[in-house]
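Trainee: I am new to this structure and would like a close look at a single part of it. Could you take me slowly through one place where two helices meet, and then say what lies around it?

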Amino acid sequence: MPRAHDVIVAGAGPVGALCAYLLARRGLSVALLEREPARVIDYRASTFHPPTLDLLEDCGATAALLAMGLKAPVMQYRDRRLGKIAEIDFAVLKDDTAHPYRLQCEQFKLTEWLYAELARIPGAGVAFSHEVADVRQDEAGVEVAASTPSGPRLLRGRYAIAADGGRSTVRRQIGIAFDGYTHPEQFLVAGTRHDFHAAMPDICSVNYTADPEEWFLLLEIPDMWRIVVPVAPGIEAEDAVADSYLQSCLQNICPRAEPYPLLVKAIYRVHQRVAATYRAGRVFLAGDAAHVNNPLGGVGLNGGLHDALNLTRRLAAVIEGKSDPRALDGYEAQRRPAAVVAINSMTERNKKLLEERDPEIRRRNLERWRAIGADRNLMYAHALETSMIASLRATGMLPRKQG
Ligand SMILES: Cc1cc2nc3c(=O)[nH]c(=O)nc-3n(C[C@H](O)[C@H](O)[C@H](O)COP(=O)(O)OP(=O)(O)OC[C@H]3O[C@@H](n4cnc5c(N)ncnc54)[C@H](O)[C@@H]3O)c2cc1C
């Protein structure tokens, strides 16, 4: 009979690793199974929002992120032809968060930190090269089958968390629908050390630039700038990551005499989907396994980390006998509406704003941005929403503000 764990986590991305760490540091027995043979460096999330930093403070992750990241106290909305339209100053949130800024740091750095912390906890750690293939459950617990280089392995636990990403094997395997759609264009990411502050002196570290032909994001992280642009549906991924295509995108954004030095390039297929339910008996979905969205707003991973915080608090209390198992129902009740209402709809709206082609709607959009940039009350409401504070309050994960 295999040894029983309290929780088995499928997928050691940032969400699965955070789930495992939060449970293991409370003394629970956790198996964290990762398909890949070693840590994965990818070029997706780079923005951590203020309430995420607030919520991660207790476990030490915020201090680690602050040490590894770059504070972005303002963000800009721009137009490719007109330049800066509005600047959002996160200082408006100073009474709502201990961290009134965005923290720019790659997601793999958080994951690496979590792996290192897990390695310090006796009995915890990442089981690499463990691809979860099958999950079964009965009233007493779950059984997870993983394929490993040394053959199949069967693990038994009380609960399982599927944090195995947007293509989640576990979600498919337990038959949870993942309705929504796939964006026709792919998203191209490039990284360069070109000094954009010198070349475009009025930019800040987080810039969203609208354009009817080709919108773009310009994001500063500690050691480089990241550029995100859409790739038209007719262009093949391998052509889009070719140097000539990347160079022309960058030259289009900010012309320079020499080619751009490129450090990073990646292309992503992006979807808007939310799982029909976050729970099937003893198995819970979290992170991209539960919800996927475009990166315009930088909320997907932040939302996944909020899932991890919420779910592990509930699971730990039930496993430790401090809470009735019915408390587990509150996970979906609290987190799924946040994904539907805030994460999914906000990112859809952001994409429409950036790519709008109709001149009259574009004019109105830019007017709206100007108004937000010019009026402290509008800016405050906007910052509450885009930082995710508003949705975390509305769904009860953060206390409502008094007064
Ligand atoms: C271009 C881009 C930019 C983004 N920027 C931001 C941002 O700034 N802020 C933000 O909040 N979000 C952002 N996101 C979204 C963010 O990257 C994801 O939400 C985040 O990676 C989700 O983390 P996760 O741990 O749930 O899933 P993943 O990071 O996908 O990790 C899943 C893990 O599970 C493993 N796995 C898969 N299948 C199995 C299996 N069968 N068995 C075992 N292991 C398995 C995988 O190898 C992987 O390690 C961005 C996304 C893109 C595409």
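Mentor: What follows describes one helix pair, then the nonpolar cores and the cysteines. Please keep in mind throughout that this is a predicted model. The pair consists of helix 9, residues 300-319, and helix 10, residues 329-355, whose axes come within 10 Å and cross at roughly 170°. Because angles over 145 degrees count as roughly antiparallel, helix 9 is described as roughly antiparallel to helix 10. On the side of helix 9 the contact is made by Gly303, His306, Asp307, Asn310, Leu311, Arg313 and Arg314, while helix 10 contributes Gly330, Tyr331, Gln334, Arg335 and Ile343. By character, the residues of this contact divide into 3 nonpolar, 5 polar and 4 charged.

Turning to the nonpolar cores, the largest has 110 residues, and those that touch the most other members are Leu18, Leu33, Phe48, Ile161, Leu315 and Trp369. Leaving aside residues up to four places away in sequence, Leu18 touches Leu56, Cys59, Leu114, Leu305, Ala308 and Leu309. Another core lies apart from the largest one and has 19 residues, among them Phe196, Met200, Tyr245 and Leu250.

As for the cysteines, the count comes to 0 disulfides. The sulfur of Cys204 is too far for a bond, because the closest cysteine sulfur, in Cys254, is 15 Å away. Cys249 is likewise in no disulfide, with the nearest cysteine sulfur, that of Cys254, 14 Å away. Cys204 counts as buried at 8% relative accessibility, and Cys249 is buried with a relative accessible area of 5%.

How values were computed. Residues numbered from 1 in each chain as written. Predicted model: local features only at pLDDT ≥ 70, side-chain atom pairs only at ≥ 80, totals over all residues. Heavy atoms only, no water. Disulfide = S-S within 2.5 Å. Buried < 20%, exposed > 50% of the residue type's maximum accessible area, 1.4 Å probe, protein only. Core = buried A, V, L, I, M, F, W, Y, C linked by side-chain atoms within 4.5 Å. Contact = heavy atoms within 4.5 Å. Axes fitted to C-alpha atoms, helices over the stretch in contact; angles between N-to-C directions. Helix = DSSP H or I, 4+ residues; strand = E, 2+ residues; numbered from the N terminus. Parallel < 35°, antiparallel > 145°, perpendicular 65-115°, else oblique. Nonpolar A, V, L, I, M, F, W, Y, C, P; charged D, E, K, R; others polar.
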